[in-house]
Every structure is written in C-alpha cells, then in structure tokens.
Amino acid sequence: MFNDLVYKIKLIRVIKELGDTRILMVTNTIDENIAQVNYRGDVNQTFPDYHNLQYTQKLKELYGVEIVRVGAEEFYEAAAKVNSKEAEKIADQWIKGALRVEVNRNEIIKTARGYLAHDALREKYNCNAISTHIRSIAA
C-alpha cells in the first residue's frame, strides 16, 4: 500500500514537471509540419493548414507542454557563433570519459559545436528540452 502511494506521488510530480516543459524544436523551416513521421511513406499524405497550431495548442492544453519553434537558419547562425576552444574542450572531455572512441576528434568537435549551439538557443528561448528534426544537424 505504501509503495502504491509513493508511485502515485511520483506520477503527480511528473504531471507537474510536464507543465513546466518548454521544448525548443529546431526544424528545416518554421512552418514545417510537426508530429509527423513520413520516411518514404505516403507521398500524398497531407495535413490541414491549421495542423501545427492545433497540435501545439492541444499539447499545451492537455499537458502544459509548450513548443518553441526555431528554423534551421537560426541554428546555423548560433553554430557559427560557438567558441571553437570551448567546443574543443567539451569534445576532449567526452573523449576522455568514453570507453572507446571510433570517430576522429574533428567529428566529435563538430558534435560539440552542435551541442553548444542547441544549448545557446535553449537558453535564449528559456527552454528545458530540445527536439531536432533536421538530419544535417543530427548527422
């Protein structure tokens, strides 16, 4: 019975934390449809013009989660402003902490630059989560 109560209290905490969630969503374009998966699926698949607005409103209404949309260009601008030395320092920390490294240091530095760019945008828009929908950023 006590474990049941603890479990329910944890669920209440999760609901509260969801209500405090602001997701920075980086997409190719600011008007790209969100919450869709169509990897070579139905090429005729379409969404109504109000899809994004309705989706974000329902997410906020039901769970308290807010989505802040940012286009790829703003991400690339933030990446261009990243301090190279800071990216190298982070990359070296990751390398040092890894059990095994199978890519060259330059690739890890590029990933650190992306991490720092995302973090800068996350702070700029006061978000506490990030979602990236651009393969050129994630790759």
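This is a guided tour of one protein, moving from the whole chain to a few places worth selecting in the viewer.

**The whole chain**

Begin with everything displayed, and keep in mind that what you are looking at is a predicted model. Coloured by secondary structure, the protein shows six helices and three strands, and if you follow the chain from the N terminus, these elements come in the order α-β-α-β-α-α-α-β-α. The protein has 139 residues, of which 27% are buried. If you turn on the surface, you will be looking at an accessible area of about 10,500 Å², and carbon and sulfur atoms account for 54% of it. Among the contacts in the protein with a separation of 6 or more, 72% are between residues 24 or more positions apart.

**First stop: A117 in helix α5**

Next, select residues 105-124, which make up helix α5, and pick out A117 within this helix. Is A117 buried or exposed? A117 counts as buried because its relative accessibility is 0%, and the cut-off for that word is a value under 20%. To see what surrounds A117, add F75, A78, A79 and V82 to your selection, since these are the residues in contact with A117 once its neighbours within four places in sequence are left aside. You can also draw a distance from the C-alpha atom of A117 to that of N83, which should read 9.8 Å although the two residues are 34 apart along the chain.

**Second stop: a nonpolar patch**

Now return to the surface and select V14, L18, L62 and Y63, which form a nonpolar patch with about 380 Å² of accessible area together. The elements that give two or more residues to this patch are helix α1, residues 2-19, and helix α2, residues 51-63. One of the patch residues, V14, is found in helix α1, and V14 counts as partly exposed because its relative accessibility is 44%.

**Third stop: charged pairs**

The last part of the tour is about charge, because side chains of opposite charge can pair when their charged atoms come close. The count of salt bridges in this model comes to 12, and a few of them are described here.

Stay with helix α1 and select K8 together with D4, whose closest N and O atoms are 4.0 Å apart in a salt bridge. These two residues, K8 and D4, are separated by about one helical turn because they stand four residues apart in helix α1. Both ends of the pair are partly exposed, K8 with a relative accessibility of 47% and D4 with a relative accessible area of 43%.

Go back to helix α5 and select D119 and R122, whose side chains meet in a salt bridge with an N to O distance of 2.7 Å. D119 and R122 are three residues apart in helix α5, so about one helical turn separates them. R122 is partly exposed, with a relative accessible area of 23%.

Then select R100 and E102, where the side chains meet in a salt bridge at 2.6 Å from N to O; both of these residues are exposed.

Finish with R22, K60 and E66 shown at once, and ask yourself how these residues are linked. The answer is a network of salt bridges that includes R22, K60 and E66.

Technical notes. Residues numbered from 1 in each chain as written. Predicted model: local features only at pLDDT ≥ 70, side-chain atom pairs only at ≥ 80, totals over all residues. Heavy atoms only, no water. Buried < 20%, exposed > 50% of the residue type's maximum accessible area, 1.4 Å probe, protein only. Contact = heavy atoms within 4.5 Å. Patch = residues over 30% accessible without salt bridge, like charges linked within 9 Å, V, L, I, M, F, W, Y side chains within 5 Å. Areas by Shrake-Rupley, 256 points an atom, 1.4 Å probe, with all protein chains shown as cover.
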